[in-house]
Amino acid sequence: MDVDKKTKEEIPTGKIDIEEVHDLDDAEIFLQENNFSHEYVQELLADESLNKSLVRKVDLVLLPLLAGTYTLQYIDKQAMSYAAVFDLFTDTHISQDQYSWFASIFYIAYLVAEYPWSILAQRTRMAKVVGACIVSWGTVLMCTAAGNNFGGLAACRFLLGVFEAPITPCFMMIVAMWYTREQQPFRAGVFYSCNGVGSMIGGILFYAVGQIKTFPVWKAIFLLCGGITIIWGILLLIFLPDSIITAKRFTLQERATLIGRAKLGRTGILHRHIKVSQIKEALLDPQVWLLTLYTLLNEVINGGIANFGKLIIKGVVKDALRTTALGIPQGAFQVFFILSGTYLASRLRNSRTIIMMIYLIPTVIGTCLIWKLDRATAPVGVLFAYYISGSFVSSLVVAMQMPGTNLGGYTKRTTGTAIVFMAYCIGNIIGPHAFLEREAPTYPTGCQVILACAVAQICIAVALRLLLVWRNKRREAAAVAGNSSQQDPVVEEISADLTDFENPDFRYVY
């Protein structure tokens, strides 16, 4: 059957009176208002060529926007560390201990603002919230160039954290909405790997900026980053769709197909009402807290390496320009780790917690080498150790996609994602303070903290896998006993915004 040839009048209706079904999510309402029956949506899903072309179209519409944003976000977040390599310390008279607080201040603001932004994005228009925040953070970056002391720079870092807070949680929700569960890890990996792309581009860009002799280099860095970010934010306001349901670049039939694909995971698609019961369920779900602890420990590692990586390199070479140039390969390693890890997680069934464990091993090896190798006799070894130590980020990307994949109910998913990202912030607040100025350039305390966090994460990933396997086995046993059935196509279920606890047909991926 060629579904593309059907006219609107030929589409089977099977419309349900909206008054007869309570608590529908927005996707179900869209299907009913446009007379798309579940049977017809099932036919759309059965058309392989239609689905392949639709996924390609979604990739072309979404991924460049998400990837470009992440590239800029990383460059902008790292602008302070690049500035530190040049003349920031001498011009503003700040100490390294004060510099450590810049990352913490950023993530304190991120922590405070992230959940309110997530709620606002759920209740209003997600893409417009994201776009407006990007324009705002670009403005703050440009204002940072006017700072001349710790207080002024700290205020700018706080505001930067406020406006960057919704980006990653909203992007994870966007991926969960537009892609099937199997496709989500790699798509998240595509835009998250742009941290590495941003690292490479930033290194090249700021190497060039470092040649400026007539203007303070650190101010030029912030002005350049801020101006580019403002322009990009305006583009997102214009081109990023708010949701499947309102995406004007997709036909009604394409949107119905996307809704059917999204329903396959039984996690819900979009619901604008905040449900207190789902918030409570998220707070009581052990899966959420295991992921939260895992992310906390992962970001303690990130908070240290991301903010002191350039200073670790500076312990090997003293020249600021060479330090910037030698940071570029680290971005390439990060792209490799993230794309390979998320690709395997997408292709190999129920391998996500295994990936979360395996990709911590290079971090352990690299950290041990950074700690023990002599800078004078083994500079290449130290650099290689720094490059491979970033593998932990791949584990993080897979873990951050788990709430969007394994939590049913839109409010529960939003809340679970927010809790995990609060841990993301707290870890980045803690991490930089493990790297003590008096211990430069080897930072033994920081290395010990990283090793402890990595080992603990492996144990948490094992516990998470056991929990999810046990839940699935219990549900399968209930289904065999006749208490649940998965015989009917999932798209025929009425989308009543059920949580994973409430829906006996829900199955976890691990």
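N350 is buried in this predicted model, with a relative accessible area of 14%. You will find N350 in the loop between α16 and α17 (352-358). Its backbone has a positive phi of about 50°, although N350 is not a glycine.

Another asparagine makes a good companion to look up. N35 has a positive phi of about 60° and is not a glycine either. Which loop holds N35? N35 sits in the loop between α1 (26-33) and α2 (38-46). Here the relative accessible area is 32%, so N35 counts as partly exposed.

**The largest pocket**

N350 turns up again when we look at the largest pocket, which has a volume of about 400 Å³. This pocket is lined by 17 residues, and those closest to its centre are E182, R349, N350, Y508 and V509. Two elements, α16 (328-347) and α22 (444-480), give two or more residues to the lining. The biggest contribution is that of α16, with three residues. What kinds of residue line the largest pocket? Six are nonpolar, four are polar and seven are charged.

**The cavities**

Now for the spaces inside. Searching the whole structure turns up five cavities of 30 Å³ or more. The table sets out two of them.

| Cavity | Volume | Nonpolar residues in lining | Polar residues in lining | Charged residues in lining |
|---|---|---|---|---|
| Largest cavity | about 270 Å³ | twelve | eight | four |
| Second largest cavity | about 70 Å³ | seven | four | none |

The largest cavity has 24 residues in its lining, and Y74, Q78, Y107, N302 and A306 lie nearest its centre. Several helices share the work: α3 (48-85), α5 (96-123), α14, α16, α20 (392-406) and α21 (410-430) each give two or more residues to this lining. Of these, α14 gives the most, with six residues.

Which element supplies the largest share of the lining of the second largest cavity? That is α21, with four residues. At least two residues each come from α5, α8 (167-178) and α21. Among the residues that line the second largest cavity are S118, Q122, M126, P169, M173, Y410 and T417. If you show these side chains in your viewer, remember that the lining of this cavity contains no charged residues.

**A buried glutamate**

Helix α14 spans residues 286-314, and E299 is part of it. Does E299 count as buried or exposed? E299 is buried, yet it has no salt bridge. The nearest side chain of opposite charge belongs to K77, 6.9 Å away. A salt bridge needs the charged atoms to be within 4 Å, so K77 is too far from E299 to form one. What the side chain of E299 does have is a polar contact with the side chain of N428, at 2.8 Å.

**An enclosed helix**

Finally, have a look at helix α9, residues 184-192. Why can α9 be called largely enclosed by the rest of the structure? Seven of its nine residues are buried, so the helix is largely surrounded in this way. The buried residues of α9 are Q184, P185, R187, A188, G189, F191 and Y192.

Notes. Residues numbered from 1 in each chain as written. Predicted model: local features only at pLDDT ≥ 70, side-chain atom pairs only at ≥ 80, totals over all residues. Heavy atoms only, no water. 1 Å grid on protein atoms, 1.4 Å probe; cavity = no way out; pocket = protein on both sides within 12 Å on 5 of 7 lines; lining within 4 Å. Points joined across faces, edges and corners; volume = space filled by probe spheres on them. Nonpolar A, V, L, I, M, F, W, Y, C, P; charged D, E, K, R; others polar. Buried < 20%, exposed > 50% of the residue type's maximum accessible area, 1.4 Å probe, protein only. Lys, Arg positive; Asp, Glu negative; His and termini not counted. Polar contact = N/O pair within 3.5 Å; in protein donor to acceptor, adjacent residues only side chain to side chain.
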